[in-house]
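Thanks for sharing this one; I have gathered a few comments for you below. Please have the sequence and the model open side by side as you read.

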Amino acid sequence: MTNHISKLPTLALLCFLITIIPTEGKAKEQISASFDDAFLNLPHPDDYCILGGTPSEDKVLEWQTLAQLKARNKVLAMWIGCKDKQKIQSGVFTGQLEKWVIVNGILSGEEATERAYPNYDPEKYKQFMAGYEFDIEQITKLAKKSIGEANKKYFDDKNAVAITGQVDLGVMSITDAVHKGMIMRVNAGDYDVPVAGVMSFILINGIPLGFHFYASYTNKKTINRLLAEAEYYSATLVHAN
């Protein structure tokens, strides 16, 4: 089990590096999700809309699901800014999102299987994640491969979305989850923009879970806002389960 756990951070971080383009419904009910033989409730983050429900949204969701699967992650839920969702539905979306959220179950082992760890101490998992050092070069290489394969299938262009630079901000906060920050440069079509992200990791109901908040980067306040959103979501997640 320790060997499987040690691989989880690298696999989880990939979801940050491949979540670039993904939505009306400010649904407030929880989403019920399953992973292996475990279940959990996923609260809807405030001021976001669920991705999916129209052909254009579904295509992006399918693209993201495939890219995540190739990176050994199972997509459990995705949300984006409601203004972005309206743009996608009306056909005026330019490819640059204002903000988005993704929740993943992290797959284990060489076969990338769903595996829950009901007997593993969540506090030990949190300590492990807080001290784990990501190999950014390796992760970026794997992420580019996953993105390229999904791009080729859904957009007929393996370079439709590309990561062209990244800065690891390290651990920014520890609550019920471990919150790590990153800034990256993303090229998508005519756009080459900086994107900020706060990646959060938790073992809940035995499920190794990643929930990640992203936004176009403006300044340091962008990171601070995302961190506050992630910390609040961490609290709502724990109390929903």
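1. The disulfide. Let me begin with the covalent link, bearing in mind that this is a predicted model. The structure holds 1 disulfide. C49 and C82 are its two cysteines, and their sulfur atoms sit 2.1 Å apart. Distant parts of the chain are joined by this pair: C49 belongs to strand β3 (residues 49–50), C82 to helix α3 (residues 82–90), and 33 residues separate them.

2. Its geometry and setting. The link of C49 and C82 is right-handed, with 95° about the S-S bond. Are the two cysteines buried or exposed? Both C49 and C82 are buried.

3. From the disulfide into the sheet. C49 also has a place in strand pairing, where I80 of β4 stands opposite C49. The strands concerned, β3 and β4, run antiparallel to each other and pair over 2 bridges. C49 is therefore a good residue to click on, since a disulfide to C82 and a position facing I80 in β4 come together there.4. The other neighbour of β4. Which strand pairs with β4 over 7 bridges? That is strand β5 (residues 99–106), again in the antiparallel sense. For a concrete pair to look at, take W79, whose bridge partner in β5 is V101.

5. How enclosed β4 is. Of the 8 residues of β4, 7 are buried, so the strand is largely enclosed by the rest of the structure. With β3 paired to β4 over 2 bridges and β5 paired to β4 over 7 bridges, this strand is a useful place to centre your view.

6. N73, in strand β4. I would also draw your attention to N73, which is found in β4 (residues 73–80). Why does N73 count as buried? Its relative accessibility is 1%, and the cut-off for buried is under 20%. A polar atom of the N73 side chain lies 3.2 Å from the backbone oxygen of A71, so please show the side chain of N73 together with the backbone of A71 when you check this spot.

7. The chain as a whole. Zooming out, the protein chain has 6 helices and 9 strands. It comprises 241 residues, of which 52% count as buried. The chain exposes about 10,800 Å², and carbon and sulfur atoms supply 50% of that area.

Key
Residues are numbered from 1 along each chain as its sequence is written. This is a predicted model: local features need pLDDT of at least 70, side-chain atom pairs count only at pLDDT 80 or more; totals for chains, interfaces and linings use all residues. Side-chain values use heavy atoms; hydrogens and water are left out. Helices (H or I, at least four residues) and strands (E, at least two) are DSSP runs, numbered from the N terminus. Buried means under 20% relative accessible area, exposed over 50%, partly exposed in between (1.4 Å probe, protein chains only). A polar contact is a pair of N or O atoms within 3.5 Å; within protein, one must be able to donate a hydrogen and the other to accept it, and residues adjacent in sequence count only if both atoms are side-chain atoms. A disulfide is a pair of cysteine sulfur atoms within 2.5 Å. Two strands pair if DSSP finds at least two bridges between them. Accessible areas come from the Shrake-Rupley method with a 1.4 Å probe; for residues, only the protein chains shown count as cover.
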